[in-house]
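Biologist: Could you take me through this model? I would like to begin with the overall fold and then go into the details.

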Amino acid sequence: KGNLMKDGTRNSRKSARLVTAFLPLIALTALGADESNLNGELALVDEFLPGTFDNYEQIYWEEEGNTPKELRHRRSTATTIRVDLPQFGEHVFYTHAYWDGNPARREYRNLYILYADQETNAVRMRLLIIPQPERLDNALTDQSVLKSLTPASLAPMEMVPGCNTVWRLRG
């Protein structure tokens with residue numbers, strides 16, 4: 001609750017802790033978007049990108065909300081891992097996705113390349129399509145199968161609007 005002050009406001013330790021917890025975030029937002037901040041944002045996205053992501057909740061709420069069937073999304077699960085492929089850059093990830101909660105129903109396998117784009121002042125993710133992806137079925141457990149990939153052997157997704165991602169983490 002806190003103590004009641006002479007002016008009628010409450011002095012709360014909890015409020016002070018919240019303000020203290022958010023000060024670094026507020027300071028980061030207030031900083032200009034110079035190169036070091038952009039590289040810091042790249043490091044943050046680089047840290048949070050690996051993992052397994054599933055749109056199950058999206059599917060659930062579309063059904064609960066009676067979204068028309070033709071507008072509903074199909075369930076998709078994607079696992080993304082960081083990979084060491086210097087021919088593509090420093091921040092490279094492999095993604096293996098499948099449909100309907102069933103790993104046997106393969107959706108796609110792509111490379112994601114993260115970089116700090118000074119021109120747009122944003123962290124960008126370039127998506128590259130892997131042709132004949134079935135040859136990489138075990139890439140999540142054996143990354144050596146990815147060593148045969150070259151920039152010339154993959155198809156960029158620039159031709160499909162919305163497939164490349166832009167992050168701006170400041171205000």
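Modeller: The conversation below goes from the fold to the cores and then to individual side chains.

Modeller: Please keep in mind that this is a predicted model.

Biologist: Understood. How many helices and strands does the protein chain have?

Modeller: The protein chain has three helices and nine strands. Their order along the sequence is β-β-α-α-β-α-β-β-β-β-β-β.

Biologist: And what share of the residues counts as buried?

Modeller: Of the 171 residues in the protein chain, 27% are buried. The accessible surface of the chain is about 11,300 Å², and carbon and sulfur atoms account for 55% of that surface.

Biologist: What about contacts between residues at least 6 apart in sequence?

Modeller: Among those contacts, 50% join residues at least 24 apart.

Biologist: Turning to the interior, which residues of the largest nonpolar core touch the most other members?

Modeller: That core has 15 residues, and those touching the most other members are Val83, Phe88, Tyr94, Leu111, Leu146 and Leu149. Strands β5 (91-99) and β6 (106-117) are the elements that give two or more residues to this core. There is also a second, separate core of 11 residues, with Val45, Leu49, Leu114 and Val123 among them.

Biologist: Back to Val83. Which residues is Val83 in contact with, leaving aside neighbours within four places in sequence?

Modeller: With those neighbours set aside, Val83 contacts Val92, Phe93, Tyr94, Leu111, Gln143 and Leu146. Of these partners, Tyr94, Leu111 and Leu146 have already been named as members of the largest core.

Biologist: A change of topic: how many aromatic pairs are there?

Modeller: The count is one aromatic pair. It consists of Tyr60 and Trp61, whose ring centres are 4.9 Å apart.

Biologist: Why is that pair described as edge-to-face?

Modeller: The ring planes of Tyr60 and Trp61 stand at 85°, so the pair is edge-to-face; the cut-off for that class is over 60 degrees.

Biologist: Are those two residues buried or exposed?

Modeller: Tyr60 is partly exposed, since its relative accessible area is 34%. Trp61 counts as exposed because its relative accessibility is 55%.

Biologist: And Glu62, where does that residue lie?

Modeller: Glu62 is in helix α3, which covers residues 56-64. Glu62 is buried, yet it has no salt bridge.

Biologist: Which side chain of opposite charge is nearest to Glu62?

Modeller: That is Arg72, at 5.7 Å, whereas a salt bridge has a cut-off of 4 Å. Beyond its neighbours within four places in sequence, Glu62 is in contact with Thr67, Leu71, Arg72 and His73.

Definitions and conventions
Residues numbered from 1 in each chain as written. Predicted model: local features only at pLDDT ≥ 70, side-chain atom pairs only at ≥ 80, totals over all residues. Heavy atoms only, no water. Core = buried A, V, L, I, M, F, W, Y, C linked by side-chain atoms within 4.5 Å. Buried < 20%, exposed > 50% of the residue type's maximum accessible area, 1.4 Å probe, protein only. Helix = DSSP H or I, 4+ residues; strand = E, 2+ residues; numbered from the N terminus. Contact = heavy atoms within 4.5 Å. Areas by Shrake-Rupley, 256 points an atom, 1.4 Å probe, with all protein chains shown as cover. Phe/Tyr/Trp six-rings, centres within 6.5 Å; stacked < 30°, edge-to-face > 60°. Lys, Arg positive; Asp, Glu negative; His and termini not counted.
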